[in-house]
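Trainee: I would like to understand how the labels used for a structure follow from its values. Could we go through some of them with care?

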Amino acid sequence: MSIEEEEQIFEHNTKCRECGSRNLVTDDGRGEVSCVDCGLVIEENKIDPGAEWRVFSPEQGDSMARTGAPSTQLIHDKGLSTEIDWQNRDYSGRALSNQNRMQYHRMRKWQRRARSSNTHERNLTTALPEISRICSKLGMSKSVQQEVAVVYRKSLERGLTRGRSIDALVAASIYLVCNMNKLGRTLDEVSESSRVGRKELTRCYKIIKKELGIRIKVNHPRDFIQGFVSKLGLPPETLTKTAEILDQAERLELIDGKSPTGVAAAAIYIASHLTNRIRTQREVADVSSVTEVTIRNRYKELADALNIEMHQK
DNA sequence: AAGACGAAAGTGGTTGA
DNA sequence: TCAACAACTTTCGTCTT
């Protein structure tokens with residue numbers, strides 16, 4: 001199948017054929033895909049992936065299930081393909097006859113070809129493990145990984161991979177999902193765990209964001225303090241104090257226009273002093289990827305505005 | 001000696017003509 | 001597309017504990 005044909009099919013599936021809008025919603029219960037903008041029902045009688053029975057408790061749901069592993073976004077064919085074992089043994093462990101061996105060899109061959117038959121699939125076979133790898137490195141949950149995989153699949157379908165490295169797109173998807181969910185991972189953290197440079201990462205990040213029409217609210221310092229505080233080995237009370245400082249700062253409008261990480265770092269620095277668990281500017285700067293200078297500037301502002309005296313032992 | 005301070009020059013990103 | 005601009009960084013000499 002040529003690239004053009006593939007794209008045509010994709011176009012058909014994701015655009016409203018009436019008004020061309022890409023805002024489509026799926027209603028699994030009714031088995032419909034419809035257009036948000038003009039209301040046209042694009043697909044009907046789709047298969048409802050849910051169970052056909054009703055359950056009244058989670059236990060009951062489990063006991064009635066008759067399916068295998070859940071479909072997952074993290075395997076390129078969503079975990080739905082058949083695996084053919086490489087060992088030339090039958091079900092009872094006996095070696096296969098020569099003729100059968102040849103047959104299985106051919107089956108495996110076609111199996112491999114069928115599984116990675118087109119460019120998208122081939123791309124995903126390298127991209128998805130990479131997503132898992134980086135996400136685990138950054139300590140992100142499986143459900144978030146799934147979300148990353150969805151974003152990546154979408155960008156792949158939009159043809160955003162062409163001329164860009166898979167690694168970069170993967171990293172950008174991860175960073176995007178972090179921001180969408182306010183997970184408080186910095187650009188640097190993602191960049192470091194993915195051998196993709198900052199510049200390339202931001203470039204791809206913007207492209208995906210734009211192409212997929214994802215809007216992201218500006219980060220708030222609050223999103224970062226949890227992570228920073230734990231990296232500094234500070235107790236919960238310091239975290240609470242930090243949050244208080246940010247609340248006050250917000251009321252005094254000291255936050256807008258400043259880098260959220262900088263403000264977060266400064267608030268933590270102050271809180272660490274107020275709760276007698278002092279961390280140096282250097283230490284705070286390291287975990288928050290801002291410089292000491294920025295912390296100084298921010299914390300001066302904050303301390304002045306909030307009338308906080310910093311010099312106590 | 002380590003940490004904090006602040007001046008000065010440089011960088012990358014946003015805004016508005 | 002370009003210049004102006006604010007926020008932030010880098011660097012470095014000085015002060016404080």
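Mentor: Let us begin with Ser289, which comes after helix H12 and has a positive phi, near 40 degrees. Please keep in mind that this is a predicted model.

Trainee: Which residues of H12 are buried, and what covers them?

Mentor: In H12, the buried residues are Val284, Ala285, Val287 and Ser288, and their cover includes helix H9 (222–231), H11 and H13.

Trainee: Why is Tyr269 called buried?

Mentor: Tyr269 has 30 other C-beta atoms within 10 Å, and a residue counts as buried if 20 or more lie within that distance, so Tyr269 is called buried.

Trainee: Where is Tyr269 found, and which residues does Tyr269 touch beyond four places away in sequence?

Mentor: Tyr269 belongs to helix H11, residues 260–274, and, with residues up to four places away left out, Tyr269 touches Arg279, Gln281, Val284, Ile295 and Tyr299. The C-alpha atoms of Tyr269 and Thr280 are separated by 7.5 Å, with the two residues 11 apart along the chain.

Trainee: What makes a residue count as near DNA strand B, and which residues surround that strand?

Mentor: The C-beta atom of such a residue, placed from the backbone, lies within 6 Å of the strand, and DNA strand B is surrounded by Thr202, Thr280, Gln281, Arg282, Val293, Arg296 and Lys300.

Trainee: Which helix gives the most to that surface, and how do its residues divide by kind?

Mentor: H13 gives the most, with three residues, while H12 (281–288) and H13 (292–306) each supply at least two. The residues of the surface near DNA strand B divide into one nonpolar, three polar and three charged.

Definitions and conventions: Residues numbered from 1 in each chain as written. Chains lettered and ligands numbered in written order. Predicted model: local features only at pLDDT ≥ 70, side-chain atom pairs only at ≥ 80, totals over all residues. Nonpolar A, V, L, I, M, F, W, Y, C, P; charged D, E, K, R; others polar. Buried ≥ 20, exposed ≤ 12 C-beta atoms within 10 Å, placed from the backbone. Contact = placed C-beta atoms within 7 Å.
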